[in-house]
2 protein chains.
Amino acid sequence: MVSSKYIKPTESELEILRILWERNKASVRDVHEELSKTKEAGYTTTLKLMQIMFEKGLVGRDDSFKTHVYHPVVSREKTQKQLLGKMITNLFGGSSTELVIHALGNHKASPEELEEIQQLLNNLKKQ
Amino acid sequence: MVSSKYIKPTESELEILRILWERNKASVRDVHEELSKTKEAGYTTTLKLMQIMFEKGLVGRDDSFKTHVYHPVVSREKTQKQLLGKMITNLFGGSSTELVIHALGNHKASPEELEEIQQLLNNLKKQ
DNA sequence: AGCAAAATACGATTTTATTCGTAAAACAAT
DNA sequence: ATTGTTTTACGAATAAAATCGTATTTTGCT
């Protein structure tokens, strides 16, 4: 166990990871174009960020083509778990239930999704 | 509408806010002692942080006593909502349901809490 | 080969956050 | 009033994050 594994992505890095998680692979340009939809930033800024993420080991890349192709290394699940934990502690006084209620309250969920949650809830109740 | 109102608290500021939300009021020393339980930091560091938060308008203070007494200005709810939103977007691909499932899955909830969630779920289903 | 376009490398600057030392002020107790 | 303790004010150092300009490299095309 050498590592590590607890590199906490910064805000900007998360935005980039989001895109990589979605697409599995993407070039700097791909990412930058997607980012530009919601954010103001120069191309080299995105590039630099992704290079730094590469150095940190947050992402990997294939440089056998002209254009480097990046992919996520840290998993979405681990990152979710890590950050959720912090959020629950600092923001919801340790109560995951409170977080659930907030999340459900503030955002729309489809009937299918509600059903999915119902299933999960049923399972939890049984135990 | 002068403001503003979207000052995003930093990590350290959140830790302090957490304590203030819990207690409603607290001196720097109170906060610092609480913080010290889980974190290494000098007293003046905590002081400075709280002074900065005061300047930013995140907290208020009563300085009519010897020891200043601080209180939160930004509400827990607004801050929760703000940060949850970001988290859902970047970490859960926009799906609040996924977040709910994660939160429910990773942390224990009591029967009472489960019931509370069930209620909420019932309400949502009706609509 | 020679040129233009697109991409990367890299250094530097700027901005924001965090940490802390030192000094001044406020107060309490004798 | 003097002294010691606690607190605040403030400036500065450090560290971390984000931004960007410029140079170089790679590649595709004629």
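## Chain A and DNA strand D

A polar side-chain atom of A:Thr45 sits 3.3 Å from a phosphate oxygen of DNA strand D, a polar contact in the sense of a pair of N or O atoms within 3.5 Å; within protein, one must be able to donate a hydrogen and the other to accept it, and residues adjacent in sequence count only if both atoms are side-chain atoms. This is a predicted model, in which local features need pLDDT of at least 70 and side-chain atom pairs count only at pLDDT 80 or more, while totals for chains, interfaces and linings use all residues. Residues are numbered from 1 along each chain as its sequence is written, chains are lettered from A and ligands numbered from 1 in the order in which they are written, and side-chain values use heavy atoms, leaving out hydrogens and water.

A:Thr10 also reaches the backbone of the DNA: an N or O atom in its side chain is 2.8 Å from a phosphate oxygen of strand D.

## The wider DNA surface

From chain B, a polar backbone atom of B:His68 lies 3.0 Å from a phosphate oxygen of DNA strand D. In total 18 residues surround this strand, and among those that come nearest are A:Ser12, B:Arg29 and B:Tyr43 (near means a heavy atom within 4 Å). Sugar and phosphate make up 62% of the strand D atoms that come within 4 Å of the protein.

Helix 3 of chain B provides the largest share of this surface, five residues (helices are DSSP runs of H or I, at least four residues, numbered from the N terminus).

## How the two chains meet

Now for the protein partners. Chain B can be laid on chain A with an RMSD of 0.2 Å by a turn of 178° and a shift of 0.1 Å along the axis (least squares on C-alpha atoms of residues with pLDDT of at least 70 in both). That is how a two-fold axis relates its copies. In chain B, the residue closest to the rotation axis is B:Val100, with its C-alpha at 2.7 Å.

Each chain brings 44 residues to the contact (heavy atoms within 4.5 Å). Together the chains bury about 4,300 Å², 65% of it on carbon and sulfur atoms (accessible area, 1.4 Å probe, lost on being put together and summed over both). In chain B, B:Gln80, B:Asn90 and B:Leu91 lose the most area to chain A.

## Charged links

Eight salt bridges join chain B and chain A (a side-chain nitrogen of Lys or Arg within 4 Å of a carboxyl oxygen of Asp or Glu). One salt bridge pairs A:Arg76 with B:Glu98 at 3.4 Å, N to O.

Notes
Buried area is the accessible area (1.4 Å probe) that two parts lose on being put together, summed over both. Helices (H or I, at least four residues) and strands (E, at least two) are DSSP runs, numbered from the N terminus.
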